[in-house]
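Let's take a walk through a structure together, one piece at a time. Keep the 3D view open as you read.

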Protein chains: 2
Amino acid sequence: MRILLIEDDQQLCEALKLQLEHAGYQVDCVYHGADAVYYALQPVYDLMILDRMLPGLDGLSLLRLIRENQIQTPVLVATAVDSVQERIAGLDGGADDYIGKPYDIEELLARVRALVRRPAAIEPAKCLQYKDLEYDVQSHELCVHGKRQQLSRREALLMECFMQNPEKTLARNLLFGRVWGPDGLVEDGNLDTYIYYLRKHLKTLHSEAGIATVHGLGYRLEKAL
Amino acid sequence: MRILLIEDDQQLCEALKLQLEHAGYQVDCVYHGADAVYYALQPVYDLMILDRMLPGLDGLSLLRLIRENQIQTPVLVATAVDSVQERIAGLDGGADDYIGKPYDIEELLARVRALVRRPAAIEPAKCLQYKDLEYDVQSHELCVHGKRQQLSRREALLMECFMQNPEKTLARNLLFGRVWGPDGLVEDGNLDTYIYYLRKHLKTLHSEAGIATVHGLGYRLEKAL
DNA sequence: TCCTCAATCAGTAAAATCCGCATCCCCTTG
DNA sequence: CAAGGGGATGCGGATTTTACTGATTGAGGA
């Protein structure tokens, strides 16, 4: 369990860190708004404890930023700014809990436990589909009727192009640019090789889908003959 | 959104119900411990608001009962019994939030919003499981068919990632971030070493589970060959 | 028919990973 | 405060996987 502690009072922060570490958590401390932004956007934490008053950046702005960047980590706002209005603003701003200073350390720990015991979903698997073919963008995995095939990096980049544009003719240049970058310095013929690899995989998996050649232009993902 | 309101003060309960309904929730009220048990065990609610003081049944006992019956609905305890000790007992008893009376109705609504906007909390997951493998997050202990293996700190952090996301491919840098922190200044290759350690442990324990390599991406916990 | 583009595939270069070892660091113990 | 031990780290050779090249064969279009 890894917790990010965002608190400008360095002394308090260290003390709190000790307490949390004693309770068995990994704790990272940051003291400034600028650092906070960087760390908070790392998708590695199970919980963030956020001070409302940060030099350089308002806590709520940071919270909003975090949520806008699809970081779903639970956030506990712990702060001296503690009117009912502020609590409401904090909770509606995306906080999962709000506790006013001064607080009892044991209560804080209890609230941390309550927040942390939910499942930590790391990321939803994005999956593209065409016919009987499924392709998981995250894990580079191709799947037909439960049979699976792991793709290498290049194969995966190429397959992603096709799955995002099924039944569309994709020019060789376009594909090449997407897989090897705009200034790829490898032989153009390499693309053929990877088309070949993908076709082999599709055949092995007995997929309905296949890659058709459009002579002089490029390729297209479509229903195989 | 359906909310169960458990509150012995009938007048307060009705008032609260009105407020919640005005905010767009479906609300069911119960006034007695006996009714509360029946309703709380229906797995149809998105949130329960629970008074600590119930005639016939203590709120915390009810909470325990709810959790023992695998009801994972978020619970907000709202009560006049409001010392730090009580809060801690409530939160550790399975509550997701705890607010003392008298409270501001707007704050209550804000806390309700915060609770319902995320997936339900679960029983404190003392033990994660996958196949024949059990992992105790607290004690860093791995267990297969009664055979035990104590993990070191780094091993434990790594194993926790896998057990929380079994059969998901986890990227190298994700794992690295969770084990060594976002700015870990150690050699990246260390991750290999710890994967190696975990594999050795899994083999020693003769577990069905194994860690597969996803070349160029990362690793995945899955059934061993 | 001739010419161009594509398909296939083997062989090699490069990269990522595995895995053991030596060292360092820190905590505990005597 | 020195010794011992476990864990953490860095290194590097062996191994596996992927990436790339180029030669050969096949298919289309003018």
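## Around the DNA

On the surface near DNA strand C, H8 of chain A and H8 of chain B each supply at least two residues. Keep in mind that this is a predicted model. There are 19 residues around DNA strand C, and those that come nearest are A:Asp192, A:Thr193, A:Tyr196, A:Thr213 and B:Thr213. Sort the residues of that surface by class and you get 4 nonpolar, 9 polar and 6 charged.

Now swing over to DNA strand D, which has 21 residues around it. Here A:Ser152, A:Glu187, B:Ser152, B:Val186 and B:Glu187 come nearest. Helices H6 (153–164) and H8 (190–204) of chain A, along with H6 and H8 (190–204) of chain B, each give at least two residues to the surface near DNA strand D. By class, the residues of that surface are 2 nonpolar, 11 polar and 8 charged.

## Where the two chains touch

How many residues of chain B are in contact with chain A? The count is 35 residues of chain B, in contact with 33 residues of chain A. On chain B's side, the elements that give two or more residues are helix H4 (84–92), helix H5 (105–116), helix H6 (153–164) and helix H7 (172–180). The largest share comes from H5(B), with 6 residues. The side of chain B that touches chain A has 15 nonpolar, 8 polar and 12 charged residues.

## Two helices side by side

A pair of packed helices is described by the angle between their axes and the distance between those axes. In chain A, helix H2 (residues 33–40) packs against helix H3 (residues 59–68) at an angle of about 20°, and the axes are 10 Å apart. That angle makes H2(A) roughly parallel to H3(A). As for handedness, H2(A) passes H3(A) in a right-handed crossing.

Which residues make the contact? From H2(A) they are A:Gly33, A:Ala36, A:Val37 and A:Ala40, while H3(A) brings A:Leu62, A:Leu65 and A:Ile66. The residues of this contact divide into 6 nonpolar, 1 polar and no charged.

## Sheets and a hairpin

Strands of a sheet pair through backbone hydrogen bonds, either parallel or antiparallel. Chain B has an open sheet of 5 strands in the order S2-S1-S3-S4-S5, with parallel pairing. Strands S2 (26–30) and S5 (97–100) of chain B are the edge strands, each pairing on one side only. From one strand to the next, the twist averages 20°. Inside this order, S3 (residues 47–50) and S4 (residues 75–79) of chain B pair in the parallel sense over 3 bridges, and B:Leu50 stands opposite B:Val77 in S4(B).

For an antiparallel example, hop to chain A, where 4 bridges join strand S6 (residues 127–130) to strand S7 (residues 133–136). A:Tyr130 stands opposite A:Leu133 in S7(A). The hairpin of S6(A) and S7(A) has 2 residues between the strands, and A:Lys131 takes a positive phi near 55° there.

## Backbone oddities

Most residues other than glycine have a negative phi, and most peptide bonds are trans. A:His140, in the loop between S7 and strand S8 (141–144) of chain A, has a positive phi near 60°.

What kind of peptide bond runs from A:Lys101 to A:Pro102? That bond is cis, with omega near -5°, and A:Pro102 is found in the loop between strand S5 (97–100) and helix H5 (105–116) of chain A. In chain B, a cis peptide bond joins B:Lys101 and B:Pro102, with omega about 0°. B:Pro102 lies in the loop between S5 and H5 of chain B.

Conventions. Residues numbered from 1 in each chain as written. Chains lettered and ligands numbered in written order. Predicted model: local features only at pLDDT ≥ 70, side-chain atom pairs only at ≥ 80, totals over all residues. Axes fitted to C-alpha atoms, helices over the stretch in contact; angles between N-to-C directions. Parallel < 35°, antiparallel > 145°, perpendicular 65-115°, else oblique. Left-handed = near helix turned anticlockwise from the far one by under 90°. Contact = placed C-beta atoms within 7 Å. Nonpolar A, V, L, I, M, F, W, Y, C, P; charged D, E, K, R; others polar. Pairing = 2+ DSSP bridges. Near = placed C-beta within 6 Å.
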